[in-house]
Structure formats: C-alpha cells, structure tokens
Amino acid sequence: MNIAFIGMGIMGRPMAVNLKKAGHTVFVHGRRAETMAQPVEAGCACCVTIADAAAQADLIIVMVSDTPDVEQVLFGEHGVAAGAKPGSVVVDMSTISPTATRLFAEKLQARGIEMLDAPVSGGDVGAINATLSIMVGGKPEVFERVKPVFEAMGKNIVRVGDHGAGQVAKACNQIVVAVTIEGVAEALTFARKNGVDPTKVRDALMGGFAGSRILEVHGKRMLDNDYTPGFKTKLHQKDINIVMQTAKELGLALPGAALVMQHLNALMGTGGAELDSAAVMKIVERESGMER
C-alpha cells in the first residue's frame, strides 16, 4: 500500500520505519527536515508538504501532538485535504479530543475521504518494537481494510466502535494510568512517612493484588527519584485535559482524574514539563513535607 505518514516525532519515526519494513511504500513529512533522516535512511520518501505526501497515498497516517495540530495537518494550507484523493483513508493515531475527532471525520467524509481514529499506547518502546496497543474508532469495513497496516505497528488491535470511540478508549487508558500513578505515589510516601522502607513495601505489593506495571515501572522511578521521561508530563497533562474537557461537556464527575490534573498542573508550573509524568510524586512529597 502507498502510505503517507505525517509527524516524525519520537513515536512517528519508528512507526514509519516499521511500515517500510513491512513492505509498504511510505511517504513521510515532518515539520523539521532533520526528523525525517531516520525514515529516509530506512527507505521512506521525503515530501516537502503534507499535501504532496497525501496525494501519493491510499492511506494517510497522522501522528502529532494535540487537537489543533491534527486540525492544521488535515485542513490547513497544503494539508491532507488539499492533496488526498477521494476514496483514500485518513488514520489519526494522535491522542486528541473525541468531539473534535467526530467533526473531522464528518468534514473528510464530505470530501469522499474515510477516517479512523486510532490512538496508541505503549510509548516509544512499543513504537520501535511494533508492539503498540491500537484503539480504533470508525466504520468496520474501513477498519478491516486498514487492519493489516495496524499489524505492522502493533499487537493488540481493537476496533472499539464508531468515530471517536478510539479516542474515548485512549482517554480511559490515560485516566487509569494517571490515577494509578497518583495511588503509587501516595502509597510510597505513606510508607516513608511511617518510617518504613518504601522499596520493601513496593516489593511486598508487587506480589499481591496491588501489583501492576505502574507500580513496577513508575514505582521504581519514584524510589530512584529519576524521572527521565518515558512519557513526558506535558503530554500526560494534555491528555488529562482532554479527559476533563470531555467530562465537562458530558456533565460527568471524575474526581480522581481532577486531582491528578491539579498535580500535573503544579508539576508543569514548577518546571517539570519535560520530566516523566511519574514525577507527580514530587508534588505529593512536597505537600507532605517529604521533599528529597
């Protein structure tokens, strides 16, 4: 298949390379020329504009940061809509607003272009190893058409429902991750405040019902006070902001997510935007008089 891949960030680059390895013809576009070097080395073709890439493709994948970025990629000057052929498919793998996703799908449909929303979980490691979890919203027949392409990038691929359902599923993922990070941070701080070794507490919890990947991976980051990013605070804050905005539209109470939103805001405000989001531990510790 001829595929355009728009967005050469930490996730997009290895995803594009994996598509090329799977035998697809891949046209790439990134905002900065240097971000396209790795995919071009792997055999992808570099395109000067988004429209140029889209014009050569049956499938256009978008992997950028936020809702306004996706809108600009799709409908801005020299964007996807300016180049894509009727009958082509846009797959947005960014994490954005479910409400906006549905509007984008309607606008593309009016131009004869299908759309799937397909946000991912698994981070840069999952992108490199083609083991991403992919949550998909859109028409079932379009999903089946694109599924072999998803299989070149991920392992757990689920069509959740119609347009926007993939974004809803990703928002659910981010709620669970954020609230669990908060719970681990509070538990380890509770242990320290009681004069008990939090490392041993984590070891004990890992073997019980509280055991989780968050306790394993982020708990270790918290114990080591090492917040080298796997998933940056500024991105997690963006995702939880989408959750809270959507909750507001629905009149939905999400008190756990709201608390984490405040802690992510505080972390952003104290210079932690580039740290791993597990650094909410720093805010919990500060509030408890346990700063390190």
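How many aromatic pairs does a search of the whole structure find? In this predicted model, the search yields two aromatic pairs. In the pair formed by Phe-143 and Phe-150, the ring centres lie 6.3 Å apart and the planes meet at 35 degrees, so the arrangement is classed as tilted. The angle of 35 degrees falls between the limits of 30 degrees for stacked and 60 degrees for edge-to-face rings. Both partners are covered by the protein: Phe-143 counts as buried because its relative accessibility is 6%, and Phe-150 counts as buried because its relative accessibility is 1%. An aromatic ring also takes part in a contact with a charge. The charged end of Lys-107 is placed over the ring of Phe-75, at 4.1 Å from the ring centre.

The N-terminal part of the chain contains a β-α-β arrangement. Strand E1 (residues 2-6) and strand E2 run parallel and are joined by five bridges. Within this pairing, Phe-5 has Val-28 of E2 as its bridge partner. The connection leads from E1 through H1 to E2, and the β-α-β crossover is right-handed. Helix H1 spans residues 12-21 and is mostly covered, with seven of its 10 residues buried. These buried residues are Gly-12, Pro-14, Met-15, Ala-16, Val-17, Asn-18 and Leu-19. In an α-helix there are 3.6 residues a turn, so residues three or four places apart point the same way. Just after H1, Gly-23 adopts a positive phi of about 100 degrees.

Strand E2 (residues 25-29) is likewise mostly covered, and four of its five residues are buried. E2 also pairs with strand E3 (residues 45-46), to which two bridges join it in a parallel arrangement. Here Phe-27 has Ala-45 of E3 as its bridge partner. E2 thus has parallel pairings with E1 and with E3.

Backbone conformation was examined next. Most residues other than glycine have a negative phi. Two residues with positive values are described here. His-78, which is not a glycine, has a positive phi of about 60 degrees. This residue belongs to the loop between helix H4 (67-75) and helix H5 (80-83). With a relative accessibility of 48%, His-78 is classed as partly exposed, because the exposed class begins over 50%. Asn-225, also a residue other than glycine, has a positive phi near 55 degrees. Its place is in the loop between helix H11 (213-224) and helix H12 (233-250). Asn-225 counts as partly exposed because its relative accessible area is 30%.

Empty space within the model was also considered. Rolling a probe the size of a water molecule over the atoms shows where such space is left. The second largest pocket holds about 210 Å³ of space. This pocket is lined by 15 residues, of which Val-168, Ala-171, Val-243, Thr-246 and Leu-250 are the closest to its centre. Helix H6 (98-109), helix H9 (165-193) and H12 each contribute at least two residues to the lining of the second largest pocket. H12 makes the greatest contribution to this lining, with six residues.

Technical notes:
Residues numbered from 1 in each chain as written. Predicted model: local features only at pLDDT ≥ 70, side-chain atom pairs only at ≥ 80, totals over all residues. Heavy atoms only, no water. Phe/Tyr/Trp six-rings, centres within 6.5 Å; stacked < 30°, edge-to-face > 60°. Buried < 20%, exposed > 50% of the residue type's maximum accessible area, 1.4 Å probe, protein only. Lys NZ or Arg CZ within 6 Å of the ring centre and 35° of its normal. Pairing = 2+ DSSP bridges. Right-handed = clockwise from strand over helix to strand, strands pointing away. 1 Å grid on protein atoms, 1.4 Å probe; cavity = no way out; pocket = protein on both sides within 12 Å on 5 of 7 lines; lining within 4 Å. Points joined across faces, edges and corners; volume = space filled by probe spheres on them.
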